[in-house]
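Reader: Hi! I'm new to this one and have just opened it. Could you walk me through it?

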Amino acid sequence: MTGPLDRGRSLEELEGHRWPDPPADATALVRAVHEMRRRPVGTLEPHELARLIRQDVGTAWLLPLAVEILRDAAPRQAEGGWFDDDLLYAVVTGKPEIWAAAPQLARELRDTVAVLTDVSRYVRQEIETFLATVPAPGED
């Protein structure tokens, strides 16, 4: 993945690539993605991170941030708190090659999802698929 994340920088700045403005007839999704790429990554809400990750935009920078958010929220969820299924779904359905390139991050996510107890069956299925692609401790 990448080095330490500067949360005050946008994806455009982190990647060193500015996208042109979207066409006038662009969909709301396209306009939103373009706008989110220009904002500091530290200002992105979990649902915005989920949207970008599902679109495969900035994953090298955003997955570590998303895993951190999920990791920090997981203990509260296990105690009966609310959990952001959208972000969790976006992260666990990431391409296997992303996780192969970031084994430490994949292990961190594996540990995080291990404590989740109350997720929908659809998200649980995606978690199981993710877990099947990530080596368990001692297997790597």
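Author: Happy to! Keep in mind that this is a predicted model. A good place to begin is helix 2, residues 28–37, where A32, V33, H34, M36 and R37 are buried.

Reader: Which helices do the buried residues of helix 2 pack against?

Author: They pack against helix 1 (11–15) and helix 3 (46–54).

Reader: And which residues are buried in helix 3?

Author: In helix 3 the buried ones are E48, L49, A50, L52 and I53. Just after that helix comes D56, which has a positive phi of about 60 degrees.

Reader: What about V57, where does that lie?

Author: V57 sits in the loop between helix 3 and helix 4, the latter covering 59–78.

Reader: Is V57 buried or exposed, and why?

Author: V57 is buried, because its relative accessible area is 9%, and the cut-off for buried is under 20%.

Reader: Nice. Which residues does V57 touch, leaving out those up to four places away in sequence?

Author: V57 touches L11, W19, V33, R37, L52 and L62. Of these, V33 and R37 are also among the buried residues of helix 2, and L52 is one of the buried residues of helix 3.

Reader: How far apart are the C-alpha atoms of V57 and R37?

Author: They are separated by 8.4 Å, and the two residues are 20 residues apart along the chain.

Reader: Let's zoom out. How many helices and strands are there?

Author: The protein has eight helices and zero strands. Buried residues account for 40% of its 140 residues.

Reader: What about contacts between residues far along the chain?

Author: Taking contacts with a separation of 6 or more, 63% are between residues 24 or more positions apart.

Reader: And the surface?

Author: About 7,800 Å² is exposed by the protein, with carbon and sulfur atoms supplying 52% of it.

Reader: Now over to the other end. How do helix 7 and helix 8 cross?

Author: Helix 7 (residues 103–114) and helix 8 (residues 121–133) have axes that come within 11 Å and cross at roughly 140 degrees. That angle makes helix 7 oblique to helix 8. The crossing is left-handed.

Reader: Which residues make the contact?

Author: From helix 7 there are A106, L109, R110 and V113, and from helix 8 there are I127, F130 and L131.

Reader: What classes do those residues fall into?

Author: The contact of helix 7 with helix 8 has six nonpolar residues, one charged and no polar.

Terms used: Residues are numbered from 1 along each chain as its sequence is written. This is a predicted model: local features need pLDDT of at least 70, side-chain atom pairs count only at pLDDT 80 or more; totals for chains, interfaces and linings use all residues. Side-chain values use heavy atoms; hydrogens and water are left out. Axes are lines fitted to C-alpha atoms, for helices over the stretch in contact, and angles run from 0 to 180 degrees between N-to-C directions. Helices (H or I, at least four residues) and strands (E, at least two) are DSSP runs, numbered from the N terminus. Angles under 35 degrees count as roughly parallel, over 145 as roughly antiparallel, 65 to 115 as roughly perpendicular and the rest as oblique. A crossing is left-handed if the near helix is turned anticlockwise from the far one by less than a right angle, and right-handed if clockwise. Contact means heavy atoms within 4.5 Å. Ala, Val, Leu, Ile, Met, Phe, Trp, Tyr, Cys and Pro count as nonpolar, Asp, Glu, Lys and Arg as charged, and the others, Gly among them, as polar. Buried means under 20% relative accessible area, exposed over 50%, partly exposed in between (1.4 Å probe, protein chains only). Accessible areas come from the Shrake-Rupley method with a 1.4 Å probe; for residues, only the protein chains shown count as cover.
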